[in-house]
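Trainee: Before we look at anything in detail, could you take me through how to read a fold from its sheet outwards?
Mentor: Let us put the model on the screen and begin with the strands.

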Amino acid sequence: MTTPDPIRRFVEATNEGDTEAFLNTFKADASLTDWGRSFQGREQIARWNQSDNIGVKSHLSIVSITPAEGSYRVRIAVKGKGFNGEGDMTFTLDGDRIASLVIT
């Protein structure tokens with residue numbers, strides 16, 4: 001399956017360490033939930049990005065993508081100075097942006 005553009009840009013921005021491009025993949029009022037911790041809007045997502053993503057030099061690789069009822073379940077391999085291993089990210093898109101991201 002072809003990777004939807006917002007998800008592709010999310011991975012590329014993370015791997016390039018480009019915080020501005022990363023935040024621009026999200027809608028202004030997007031939500032992100034990371035193992036029960038919730039972040040609402042780009043300002044809070046920016047804090048998560050600093051503590052758990054670009055700020056810990058994460059490098060993401062897509063393992064698989066499965067469309068599921070209006071969203072995409074993406075298996076991601078993560079390397080960096082934070083979490084290392086594989087996990088699932090469920091993206092809900094709205095046009096060319098991410099409306100919600102749930103990490104489990």
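Mentor: This is a predicted model, and its strands form an open sheet of six with mixed pairing, in the order β2-β1-β6-β5-β4-β3.

Trainee: Which strands stand at the edges of this sheet, each with a single partner strand?

Mentor: Those are β2 (37-40) and β3, and because each has a single partner strand, one side of each is left without a neighbour in the sheet. Direction ignored, neighbouring strands of this sheet are turned by 20° against each other on average.

Trainee: In what sense does β6 pair with β1, and in what sense with β5?

Mentor: Strand β6 (residues 97-103) pairs with strand β1 (residues 26-34) in the parallel sense, over five bridges, and one place to find this pairing is Asp 34, whose bridge partner in β6 is Ile 103. With strand β5 (residues 85-94), by contrast, β6 pairs in the antiparallel sense over six bridges, and here Asp 94 has Arg 97 as its bridge partner in β6. The strands β5 and β6 form a hairpin with two residues between them, and Gly 95, in the turn, has a positive phi of about 65°.

Trainee: Which strands does α1 lie across, and which does α3 touch?

Mentor: Helix α1 lies across β1, β3, β4, β5 and β6, and runs at about 165° to β3. Helix α3 also packs on the sheet, where it touches β1, β2 and β6, and its direction makes about 45° with that of β1.

Trainee: How should I read the nonpolar core, and which residues touch the most other members?

Mentor: The general idea is that in soluble globular proteins nonpolar side chains tend to be buried together. In this model the largest nonpolar core has 23 residues, and those touching the most other members are Phe 10, Phe 22, Phe 26, Leu 32, Ile 45, Phe 91 and Leu 101. At least two residues of this core come from each of α1 (5-16), α2 (19-23), β1, α3 (41-52), β3 (59-68), β4 (71-79), β5 and β6, with the largest share, four residues, supplied by α1. If we leave aside neighbours within four places in sequence, Phe 91 is in contact with Ile 7, Phe 10, Ser 71, Tyr 72, Val 74, Ile 98, Ser 100 and Leu 101.

Trainee: Is Gly 85 buried or partly exposed?

Mentor: Gly 85, whose place is in strand β5, has a relative accessible area of 27%; because buried means under 20% and exposed over 50%, Gly 85 counts as partly exposed. Not counting residues up to four places away in sequence, Gly 85 touches Ile 76, Ala 77 and Val 78.

Trainee: Where is empty space left, and which residues lie nearest the centre of the largest pocket?

Mentor: In general, rolling a probe the size of a water molecule over the atoms shows where empty space is left. Here about 260 Å³ of space lies in the largest pocket, which is lined by 17 residues, with Asp 34, Val 78, Phe 83, Met 89 and Ile 103 nearest its centre. The elements α3, β4 and β5 each supply at least two residues of this lining, and β5 gives the most, with four residues.

Methods
Residues are numbered from 1 along each chain as its sequence is written. This is a predicted model: local features need pLDDT of at least 70, side-chain atom pairs count only at pLDDT 80 or more; totals for chains, interfaces and linings use all residues. Side-chain values use heavy atoms; hydrogens and water are left out. Two strands pair if DSSP finds at least two bridges between them. A nonpolar core is a set of buried Ala, Val, Leu, Ile, Met, Phe, Trp, Tyr and Cys residues joined through side-chain atoms within 4.5 Å. Buried means under 20% relative accessible area, exposed over 50%, partly exposed in between (1.4 Å probe, protein chains only). Contact means heavy atoms within 4.5 Å. Axes are lines fitted to C-alpha atoms, for helices over the stretch in contact, and angles run from 0 to 180 degrees between N-to-C directions. On a 1 Å grid over the protein atoms alone, a cavity is a set of points where a 1.4 Å probe fits but cannot get out, and a pocket is an open set with protein on both sides within 12 Å along at least five of seven lines; lining residues have an atom within 4 Å of a point. Grid points are joined across faces, edges and corners, and a volume is the space filled by probe spheres set on the points.
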